[in-house]
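Good morning, and thank you for joining this session. I shall take you through one structure, beginning with a helix and ending with some details of the backbone.

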Amino acid sequence: MKIAFTICSNNYLAQAKILVDSFFEHNPKEDYIFIIGLCDRKSTRIDYSIFDNCTLIEIEDLQISNFKDMCLKYNIIELNTSIKPFLFSYLFEKFDAELIYYFDPDICIFNTVSIIEEEMSEFDVLLTPHIYTPIPLDGHIPQENIFLNYGLYNLGFLALKNSAITHEMLKWWSNKLEEKCIDNP
């Protein structure tokens, strides 16, 4: 089984809807489950039935032990980001998936993800670097040192294979994000 998912709060569901629809425009529904991790409470003012081609999982389902503290210290973007490894772990456990893709909710898919699956036959983790080549020292922005603040990798996309290496990485990452998911360069 293969899963694709995103995480968002209610205010970002329109973007997530475009992501889900574009994903299934290019990938067969019978091959994937698409999950929206709702980092929020459901609202009576939102018609969630429009998400008929995916499953919504509410944050309470993850049972993150430190979640109330995380809500108090993180802004909405940090909070949505901080639950990513917890949702990966939850999905691996609940669905016993062989492969899980994460996409930021404001991504639109324009092709099949089969090329990613080819790469994942060889690797446990697939990341997107912010840059592929050195940036010249020309006085323009961005400069390479900016990545010391934001990281070498853009986690708007991440693919993980169900493996011992992946599960160890998720434990480490979960521990870090319970306390250290602050956007304060």
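Which residues of helix 1 are buried? Before I answer, please note that this is a predicted model. The buried residues of helix 1 are Leu13, Ala16, Lys17, Leu19, Val20, Ser22, Phe23 and Phe24. A lysine, Lys17, is thus on the list of buried residues, together with Ser22. The cover over these buried residues includes strand 1, residues 2–8, strand 2, residues 32–38, and strand 4, residues 99–103.

The length of helix 1 can be checked by simple arithmetic. Helix 1 comprises 14 residues, 13–26, and at 1.5 Å a residue it should span 20 Å. Its end C-alpha atoms are 20 Å apart in the model, so expectation and model agree. For those repeating the calculation, the rise is multiplied by one less than the number of residues.

I turn now to the sheet. How many strands does the open sheet have, and in what order? There are 6 strands, in the order 3-2-1-4-6-5, and the pairing is mixed. At the edges stand strand 3 and strand 5, the latter being residues 125–129. Each of these two has a single partner strand, and therefore one side of each has no neighbour in the sheet. From one strand to the next, the twist averages 25°.

Two helices that pack on this sheet deserve mention. Helix 1 touches strand 1, strand 2 and strand 4, and its direction makes about 175° with that of strand 2. Helix 4, residues 84–95, also packs on the sheet. Its contacts are with strand 1, strand 2, strand 3, strand 4 and strand 6, residues 153–161, and its direction makes about 145° with that of strand 1.

Let us look at strand 2 in particular. Of its 7 residues, 6 are buried, so strand 2 is largely enclosed by the rest of the structure. Strand 1 and strand 2 run parallel and are joined by 7 bridges. Among the bridge partners, lysine 2 is matched with tyrosine 32 of strand 2, and isoleucine 3 is matched with isoleucine 33 of strand 2. Between these two strands the chain passes through helix 1, and this β-α-β crossover is right-handed. Strand 2 is also parallel to strand 3, residues 55–58, to which 4 bridges join it. In that pairing, leucine 38 has glutamate 58 of strand 3 as its bridge partner.

The cysteines may interest those who work at the bench. How many disulfides does a search of the whole structure find? The search finds 0. Take cysteine 8: the closest cysteine sulfur, in cysteine 39, is 9.1 Å from its own sulfur, which is too far for a bond. The cut-off applied is 2.5 Å between the sulfur atoms. Is cysteine 8 buried or exposed? At 2% relative accessibility, cysteine 8 counts as buried. Cysteine 71 is likewise in no disulfide, and the nearest cysteine sulfur, again that of cysteine 39, lies 6.6 Å away. Cysteine 71 is partly exposed, with a relative accessible area of 33%.

Finally, I come to the backbone details. Glutamine 63 sits in the loop between strand 3 and helix 2, residues 67–73. Although glutamine 63 is not a glycine, its phi is positive, at about 50°. Glutamine 63 counts as exposed, because its relative accessibility is 70%. Along the chain, glutamine 63 and cysteine 39 are 24 residues apart, and 12 Å separates their C-alpha atoms.

Aspartate 96 is another residue other than glycine with a positive phi, near 50°. Its place is in the loop between helix 4 and strand 4, and with a relative accessible area of 57% aspartate 96 is exposed.

Which peptide bond is cis? The bond from isoleucine 141 to proline 142 is cis, with omega near 5°. Proline 142 belongs to the loop between strand 5 and helix 6, residues 147–150.

That concludes the presentation, and I thank you for your attention.

Key:
Residues numbered from 1 in each chain as written. Predicted model: local features only at pLDDT ≥ 70, side-chain atom pairs only at ≥ 80, totals over all residues. Heavy atoms only, no water. Buried < 20%, exposed > 50% of the residue type's maximum accessible area, 1.4 Å probe, protein only. Contact = heavy atoms within 4.5 Å. Pairing = 2+ DSSP bridges. Right-handed = clockwise from strand over helix to strand, strands pointing away. Axes fitted to C-alpha atoms, helices over the stretch in contact; angles between N-to-C directions.
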